[in-house]
Amino acid sequence: MKRGLIVIISVIGVALLVSLYGNIYQHSKISKANNTISQVKKDKQKVSKKLATANRENDVLNSQVDNFKTYQNNKDKSQSELNFNNVANKFLTTMFTFEPDTYSNRKDSIKGLISTDLYNQYFPKNTNYGDANSVTSKLDNATIYTQAKQGNSMKGLAVVSFESKSGDNDWKKETDLYQLTFDTSTNQLTAVQNLGSSFKASDVK
């Protein structure tokens, strides 16, 4: 009887030892896994910081390149040409960049950029200004070619490349040519004429 009891106690002891070893081993595995996860998180944070730094440096570099291009483009231009380019680009950006819920905002955004007569042509009084009919548009590029100034009037050509889509349809690219007339005394556009879109951007460039 005593011998049987000793055997039972021995078996229980071995079982307890095995269970204890299993717990220790499982705890060790969990600890190693947690350490691995912690290290992965740290590595991820380091990579994210490096990527953020690289993106900031890239943004600064791109800004410097853009500033240099702007300087090169503007260094030989008169103040009237610079004003013309500035107003024309703001106008074209406003008119060609919109979403269905921001389409009507253009009415207020272009005030001051164009003459009263031209403004009334775009937005006639006592007329209910419609919506964009689910159309979204974005300006890709606008290149202004100014011509000689005559009195207070200066004309120029604008090559406008933009994309638009209706609803969930694919984007469609288009390039239009506009003739712009600018009043240098008021720094406003007084006339905008669409000369057509029967060419591609590559044909212009």
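1. Phenylalanine 91 is a suitable starting point in this predicted model. Leaving aside residues up to four places away in sequence, Phe91 touches Ile110, Leu113, Ile114, Tyr122, Leu189 and Val192. Phe91 is also listed among the buried residues of α2.

2. The largest nonpolar core has 25 residues, and within this core Phe91, Leu180 and Leu189 touch the most other members. At least two residues each are supplied by α2 (79-96), α4 (116-122), β1 (135-150), β2 (153-166), β3 (172-183) and β4 (188-196). With seven residues, α2 provides the largest share of the core.

3. The geometry of α2 can be checked against its length. Its 18 residues, at 1.5 Å a residue, should span 26 Å; the C-alpha atoms at its ends are 26 Å apart, so the two values agree. The helix lies across β1, β2, β3 and β4, and runs at about 160° to β1.

4. The buried residues of α2 are not restricted to nonpolar side chains: Ser80, Glu81, Asn85 and Thr94 are among them, together with residues including Phe84, Val87, Ala88, Leu92, Met95 and Phe96. The cover over these buried positions includes α3 (106-109) and α4, as well as β1, β2, β3 and β4. As general background, an α-helix has 3.6 residues a turn, so residues three or four places apart point the same way.

5. The four strands form an open sheet in the order β1-β2-β3-β4, with antiparallel pairing. β1 and β4 are the edge strands; each has a single partner, so one side of each lacks a neighbour in the sheet. From one strand to the next, the twist averages 25°. In general terms, the strands of a sheet pair through backbone hydrogen bonds, in either a parallel or an antiparallel manner.

6. The pairing of β2 with β3 is antiparallel and extends over twelve bridges. Within this pairing, serine 153 is placed opposite aspartate 183 of β3. The hairpin of β2 and β3 has five residues between the strands, and glycine 167 adopts a positive phi near 60° there.

7. Serine 161 deserves separate comment. This residue belongs to strand β2. Its relative accessibility is 11%, and serine 161 therefore counts as buried, the cut-off being under 20%. The side chain of serine 161 is joined to that of threonine 175 by a polar contact of 3.2 Å.

8. β3 and β4 likewise pair in the antiparallel sense, over seven bridges. Two positions illustrate the register: glutamine 179 stands opposite glutamine 193 of β4, and phenylalanine 182 has leucine 189 of β4 as its bridge partner. Leu189 is also one of the residues that Phe91 touches. Four residues separate the strands of the β3 and β4 hairpin, and in its turn asparagine 187 has a positive phi of about 55°.

Definitions and conventions
Residues are numbered from 1 along each chain as its sequence is written. This is a predicted model: local features need pLDDT of at least 70, side-chain atom pairs count only at pLDDT 80 or more; totals for chains, interfaces and linings use all residues. Side-chain values use heavy atoms; hydrogens and water are left out. A nonpolar core is a set of buried Ala, Val, Leu, Ile, Met, Phe, Trp, Tyr and Cys residues joined through side-chain atoms within 4.5 Å. Buried means under 20% relative accessible area, exposed over 50%, partly exposed in between (1.4 Å probe, protein chains only). Contact means heavy atoms within 4.5 Å. Two strands pair if DSSP finds at least two bridges between them. Axes are lines fitted to C-alpha atoms, for helices over the stretch in contact, and angles run from 0 to 180 degrees between N-to-C directions. The expected span of a helix is 1.5 Å times one less than its number of residues. A polar contact is a pair of N or O atoms within 3.5 Å; within protein, one must be able to donate a hydrogen and the other to accept it, and residues adjacent in sequence count only if both atoms are side-chain atoms.
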